Amino acid sequence: MNEFYQKDIFSIKDYTKEQLETIFTYTDKIMQLSLSERREICKGKILGYLFYEPSTRTRLSFESAMASIGGNSLGISDITSSSTQKGESLADTVRIMSIYSDVLVLRHPLDGSSRFAAEISDKPVINAGSGTEEHPTQAIQDLFTIKKEKKKIDGLKIGIVGDLKYGRTVYSLLHGLGNYDVDVNLISPESLRIRSDSTYEIKRKLDFTETTDIEEHLDELDVLYVTRIQKERFPDEEEYLKVKGSYVVGLDMLKRMKDDAIILHPLPRIDEISADVDKTKNAKYFEQAEYGKYTRSALLGMILNENSF
Amino acid sequence: MNEFYQKDIFSIKDYTKEQLETIFTYTDKIMQLSLSERREICKGKILGYLFYEPSTRTRLSFESAMASIGGNSLGISDITSSSTQKGESLADTVRIMSIYSDVLVLRHPLDGSSRFAAEISDKPVINAGSGTEEHPTQAIQDLFTIKKEKKKIDGLKIGIVGDLKYGRTVYSLLHGLGNYDVDVNLISPESLRIRSDSTYEIKRKLDFTETTDIEEHLDELDVLYVTRIQKERFPDEEEYLKVKGSYVVGLDMLKRMKDDAIILHPLPRIDEISADVDKTKNAKYFEQAEYGKYTRSALLGMILNENSF
Amino acid sequence: MNEFYQKDIFSIKDYTKEQLETIFTYTDKIMQLSLSERREICKGKILGYLFYEPSTRTRLSFESAMASIGGNSLGISDITSSSTQKGESLADTVRIMSIYSDVLVLRHPLDGSSRFAAEISDKPVINAGSGTEEHPTQAIQDLFTIKKEKKKIDGLKIGIVGDLKYGRTVYSLLHGLGNYDVDVNLISPESLRIRSDSTYEIKRKLDFTETTDIEEHLDELDVLYVTRIQKERFPDEEEYLKVKGSYVVGLDMLKRMKDDAIILHPLPRIDEISADVDKTKNAKYFEQAEYGKYTRSALLGMILNENSF
């Protein structure tokens, strides 16, 4: 019996390095299966999704992951704007959805929402993004991408650039990286630095430096993880425009990086990475999206199947 | 050949007690099948849904029921707000949808809409709620729940509380109960009493008393069926607030009921039943939702399969 | 290996008569298969759709076509109104969607959008309507319908009536008909005549006459293809009302047509064809919708399967 069978996925913090490696091994297995073998893994199983924040990309990644292993998906893609909300509590919605499905995928603005849901749900709950810090399946996808593309995670020097204050993706990735022996360089404008209340916990597991200057460690990086900077986050537009330009990853910047450095991005991208980078061998953000499909197939497969496949 | 094969479902009034019992027997059979056996029942069949009123819960119940017996669902979940409406007639929409699917599930504000649809559709039509009175699959779900939880329907004393005037669920349930030898107590504020034009027809089949006082027969009830009371239905807020409080089912009220009485609710619930009731052995509304999945699987299976399964 | 395997579908102009006939032959084959044989064709394959213009009917036709051959569909049904758009480029959205699916179905207001998408997508792209002129799968559906109902296309006299200026369906059909030896009569109000920039190209392949008077050639037509006239297209309402009435196909008009003439319409219809025509043997627009499901199943099957089925 695999240890993830019928288990929830709440937080990347819950996983040891060993467990992450088990997930990666399962993902590799799924990728090696023929399409018809894959289709048997969750044949006839139902994924129920509840998105209290719309996230088309995450939802479609789960739907595609589930379809490719033979399962179906159904649910509500934008509850808050749904005319059907009718004031029902999260608890009741989760309870009903758990009746209609074999595994529940929940996106919710509040911290702890998926743990709360799991107390109510008869079926395992997967956190598809919650609160300020948690997006465990994204972190697993990101770590797997680094592992596949760099053949290792330990020993790497990893830069993370953009809005580090508001992106839950960044926090989840940092907590995930905390299991590995990596050197992290956080690059952001002063006003979008990683939150100090999170710094303490992350510092215990991970060595990181902070800078506003993307050039500072650029030539040493093995991985540059780029995130969006949203205009709305800035107090005034001028500061936004100044910052925005300086963090755009283009061919020029790429030239100053290691030849085998890789560029990642959780997507959607607006213009943080210029389109001419897409064709370089360093651009791995679309591979990252594809690995996300496979890691989600693996997680769903492990949760819904007692035996390793 | 089963008698429901390729037949429409318009109204709970069309069914005899015997037919209802046949549906219940099929539902029991489905519940006993293994998941892989279930999946064969409607393998590759397509359910097409047309919701002229949004009802996420009913739609998902049908989708889940269809998925668990191997079929697919597609359709339009909110036609009225759809930018694609383009002024097409119900007749044409039904006709097209019947081309794209093997069975049609229709939710529509008008009485008689599903009968009208069936005249046009090549495929059987299931009424998923129409007009003021009809919601046959909900009534079947409710009756099946009572049967399963109380082991019988005949001889029971059943209270129905809340907005009895505007809820089609209540009318369908009453007509369904008309096939059984039950004692019904209708509990509602004066302004939300069951409509007098319906009373006559129901009276012919069913003994019921009316009261505004939920306490009146509380200690005799075997089943208490709770429905929402919507603020908008009241002429002034004060009356609403007065009424609302007095009909909330809580642990206190439960204590004054029979030990083995069951509480039902078509859901979604707002606050007509307090959350602490959920964990009591009397609360059966989530079981009711689950039975709804199975009764719908049974109906779909019988309609789409010539032979009993 | 079939010549459509892993190929895109951009424009009806790309197909020779021979290729169209191959598609028709495949469609016939699909129609003759048993339901369980059909279900094997695209078993476990995923269709990803991106609709930058909502078109429920086209989307459902593809979904139904894919479901009936065993595949799944997922995607975004109305990107422009989606709160999830977040400013992502068409290129990135296409790229991601091509990761999540085996074939991409794209509806987009711009000419050339599907060719652009195909440069980015790893998976074949099907144009489900783009720009002013292209709707190749609709044209294939229309040609197949004519072939099935009239047993031939060559030698027919075909009238096309309505808004010929703005309907991409009409242009695609005309280009498709350009492969056959047909006589075309275009009937429209002066202000909604086919665009002169398109006339030149079509004229090289097709003989057509233009008229504002639907009666002019009515008694000679084998096929009358009716399209909607939208009020918004007219400079003033009076002209609209005058025109609108004169082009309505009713029983009277039908009497003046050949006994075996057929009436087609891409649907949705508003009131260009009166409802009493529906029951005549001449009305073939619902058959046309059904053939659309089969032609799309055939196209998807050929694109996703190396070998003829």
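This briefing covers the chain symmetry, two interfaces and one buried residue of the structure above. The model is predicted. Chain B maps onto chain C by a turn of 120°, which is the relation of a three-fold axis. Within chain A, two domains bury about 2700 Å² between them. Between chains B and C, the buried area is about 2100 Å².

**Symmetry of chains B and C**

- Laying chain B on chain C gives an RMSD of 0.0 Å. The operation is a turn of 120° with a shift of 0.0 Å along the axis. That is how a three-fold axis relates its copies.
- The copies use different surfaces, as 5% of the contact residues of chain B recur in chain C.
- Asn72(B) is the residue of chain B that comes closest to the rotation axis. Its C-alpha lies at 5.0 Å from that axis.

**Interface of chain B and chain C**

- Chain B puts 20 residues in contact with 25 residues of chain C.
- Of the roughly 2100 Å² buried between these chains, 57% is on carbon and sulfur atoms.
- Five residue pairs are in polar contact between chain B and chain C, with both residues at pLDDT 80 or more.
- Strand S2 (72-76) and helix H4 (90-100) of chain B each supply at least two residues of the side that touches chain C. H4(B) gives the most to that side, with six residues.
- Two salt bridges are found across the interface of chain B and chain C.
- The side chains of Arg57(C) and Glu88(B) form a salt bridge, at 3.0 Å from N to O.

**Domains of chain A**

- Domain 1 of chain A is made of two segments, 12-134 and 290-304. Domain 2 of chain A spans 136-289.
- The centres of the two domains of chain A, taken over C-alpha atoms, are 25 Å apart.
- The contact takes 33 residues from domain 1 of chain A and 31 residues from domain 2 of chain A.

**Interface of the two domains of chain A**

- Carbon and sulfur atoms carry 55% of the area of about 2700 Å² that the domains of chain A bury between them.
- Ile12(A), Glu133(A) and Tyr291(A) supply 27% of the area that domain 1 of chain A buries against domain 2 of chain A. No other three residues supply more.
- Across this domain interface of chain A there are six salt bridges.
- Lys17(A) and Asp154(A) meet through their side chains in a salt bridge, at 2.6 Å from N to O.
- Polar contacts between domain 1 and domain 2 of chain A involve 23 residue pairs, with both residues at pLDDT 80 or more.
- Five elements of chain A each supply at least two residues of the side of domain 1 that touches domain 2: helix H1 (17-32), helix H3 (56-68), strand S3 (103-108), strand S4 (125-130) and helix H11 (285-304).
- H1(A) gives the most to this side of domain 1 of chain A, with eight residues.

**Asn127(B), a buried residue**

- Asn127(B) sits in strand S4 (residues 125-130) of chain B.
- Asn127(B) has a relative accessible area of 1%, so the residue counts as buried under the 20% cut-off.
- The Asn127(B) side chain reaches the backbone nitrogen of Gly129(B) at 2.8 Å.
- Leaving out residues up to four places away in sequence, Asn127(B) touches Ile9(B), Phe10(B), Leu106(B), Ser114(B), Glu134(B), Pro136(B) and Thr137(B).

Notes: Residues are numbered from 1 along each chain as its sequence is written. Chains are lettered from A and ligands numbered from 1 in the order in which they are written. This is a predicted model: local features need pLDDT of at least 70, side-chain atom pairs count only at pLDDT 80 or more; totals for chains, interfaces and linings use all residues. Side-chain values use heavy atoms; hydrogens and water are left out. Helices (H or I, at least four residues) and strands (E, at least two) are DSSP runs, numbered from the N terminus. Buried means under 20% relative accessible area, exposed over 50%, partly exposed in between (1.4 Å probe, protein chains only). A polar contact is a pair of N or O atoms within 3.5 Å; within protein, one must be able to donate a hydrogen and the other to accept it, and residues adjacent in sequence count only if both atoms are side-chain atoms. Contact means heavy atoms within 4.5 Å. Copies are superposed by least squares on the C-alpha atoms of residues with pLDDT of at least 70 in both. Domain bounds come from an automatic or database domain assignment. Buried area is the accessible area (1.4 Å probe) that two parts lose on being put together, summed over both. A salt bridge is a side-chain nitrogen of Lys or Arg within 4 Å of a carboxyl oxygen of Asp or Glu.
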